[in-house]
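Trainee: Could you walk me through this model and show me how each label is earned?

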There are 2 protein chains.
Amino acid sequence: MNNRALLMECAKELFYAKGYDAVGVQEIVERAGLTKPTLYYYFGSKIGLLKTLLETRFERYLSQVETAVGAGSDIRETLYRLGEISCAFYEEDRQFYMLMMALLYSARKNEAYQAVRPYFVELYESVVQAFEREAGKLGNMRGRQRQFAIGFLGTIHQYLFLQWETDPEESSGKIGGEQIASVVDQFMYGIFT
Amino acid sequence: MNNRALLMECAKELFYAKGYDAVGVQEIVERAGLTKPTLYYYFGSKIGLLKTLLETRFERYLSQVETAVGAGSDIRETLYRLGEISCAFYEEDRQFYMLMMALLYSARKNEAYQAVRPYFVELYESVVQAFEREAGKLGNMRGRQRQFAIGFLGTIHQYLFLQWETDPEESSGKIGGEQIASVVDQFMYGIFT
DNA sequence: CTTTTTATATACCGAACGGTATATTAATCT
DNA sequence: AGATTAATATACCGTTCGGTATATAAAAAG
């Protein structure tokens, strides 16, 4: 691993463990066995490092989501597929996933929030699109596409959050496809099924 | 308003806007028109100020939740009531509500997270209890009480989060009872109703 | 009317913050 | 081989951080 990638990995681990604001540049380079000018050489600033990290990891997930929404015929199928993709993204790097969520919930004026927001807006709008295309078929939707989109993303996330609270270190194996299906079912059909 | 309460209010506003870590003690006392020793006189430390703030505001909400869960006969009724209570808590002080959520999603090693966690654990366990009592009646539950509890809290929160994203400053009036009922219905019966 | 307690301010502490000017080494190009 | 560029380090910048030693004003208690 080259030093650029090493710095990103170390930064991710520290941002996840202690939070973006609470981590010093000094701390990052020390963990990597390097010095500050090297970090500034590659990323220009602390926020530049975070932005590069987000861009590198988030874009693939986002394009998968957009493909799934674009190709989806039935809303059920699309939601199952979105559940799978999101879960895979979580499994790929739990620390990164949880870091992103932490950034999303940080204060509006925080530059870390501003760095992560565009990605979530894009994700959200993709999911809205999926419900929008179904609006004609579901008579009762009545403009609730946005509520459904955020509700769906929230449900998926809540489940992953629970998983992670129970087992942050991935010790009990990956999440099965049936489990995701069960969560998506819960969203679509409620708790009385 | 005495200076103690004034400091808590100023701290809340700043923590909400900029995040706990990003706010300096100096900044808080300047907004309050006071000086640092006064803050340390009342709260001992920056984290002590946050803890006092959380204790003061969270405890009432928590006791309302516990009452509702204890008194609830039917799970539907209990969930509607919990929806109302949570929504009222949100309306009471949106800034504080969003601050709490931000703290909940901050890193595990962060002392602000450790300060807020116990309250959420208590909240979560109360809701688990509500589902647990219904476990006999709903044949399909099969140990999914925890998933339902976190899913329910997540659904409520997602809705309030959407509200707040749309209208952070409460300009379009309070959330009606029918709206909350609609969200709780979505959780219980899914999206095809 | 003292004495004590409560509440506030001035002025400071060492440490850590993000960031940089400058030098040096290692690799690449001509 | 010589020139250039890429990658790294040493040593430093001013600022802000959370926190405190000490003094003082105001209020309460005796």
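Mentor: Happily; we will take the pairing of the chains, then the DNA, then one helix.
Mentor: This is a predicted model, in which local features need pLDDT of at least 70, side-chain atom pairs count only at pLDDT 80 or more, and totals for chains, interfaces and linings use all residues. Residues are numbered from 1 along each chain as its sequence is written, while chains are lettered from A and ligands numbered from 1 in the order in which they are written.

Trainee: What makes the two copies related as by a two-fold rotation axis?
Mentor: Chain A is superposed on chain B by a rotation of 180 degrees with 0.0 Å of shift along its axis, at an RMSD of 0.0 Å. The fit is by least squares on the C-alpha atoms of residues with pLDDT of at least 70 in both copies. The copies are therefore related as by a two-fold rotation axis. In chain A, the C-alpha of A:Gly190 is nearest that axis, 2.0 Å from it.

Trainee: How many residues of chain A are in contact with chain B, and what does "contact" require?
Mentor: Contact requires C-beta atoms, placed from the backbone, within 7 Å. By that test, 33 residues of chain A meet 33 residues of chain B. Helix 8 (145–166) of chain A gives the largest share of this side of chain A, 10 residues. Helices here are DSSP runs (H or I, at least four residues), numbered from the N terminus.

Trainee: Which residues come nearest DNA strand D?
Mentor: A:Thr35, A:Pro37, A:Tyr41, B:Gly24 and B:Ser45 do, out of 16 residues around the strand. To count as near, a residue needs its C-beta atom, placed from the backbone, within 6 Å of the strand. Helix 3 of chain A supplies the largest share of that surface, 4 residues.

Trainee: How do you know that the length of helix 5 of chain A agrees with what is expected?
Mentor: The expected span is 1.5 Å times one less than the number of residues. For the 18 residues of helix 5 (residues 75–92) of chain A that gives 26 Å, and the end C-alpha atoms are 26 Å apart, so the two agree.

Trainee: Which residues of helix 5 of chain A are called buried, and why are they placed on the same side?
Mentor: Buried means 20 or more other C-beta atoms within 10 Å of a residue's own; exposed means 12 or fewer, and partly exposed lies in between. The buried residues include A:Leu79, A:Leu82, A:Ser86 and A:Phe89. The buried residues cover an arc of only 165 degrees around the axis, so they lie on the same side of helix 5 of chain A. That arc is taken from the directions from the helix axis to the C-beta atoms. On the face turned away from the buried side sit the exposed residues A:Glu77 and A:Glu92.

Technical notes: Two residues are in contact if their C-beta atoms, placed from the backbone, lie within 7 Å. Helices (H or I, at least four residues) and strands (E, at least two) are DSSP runs, numbered from the N terminus.
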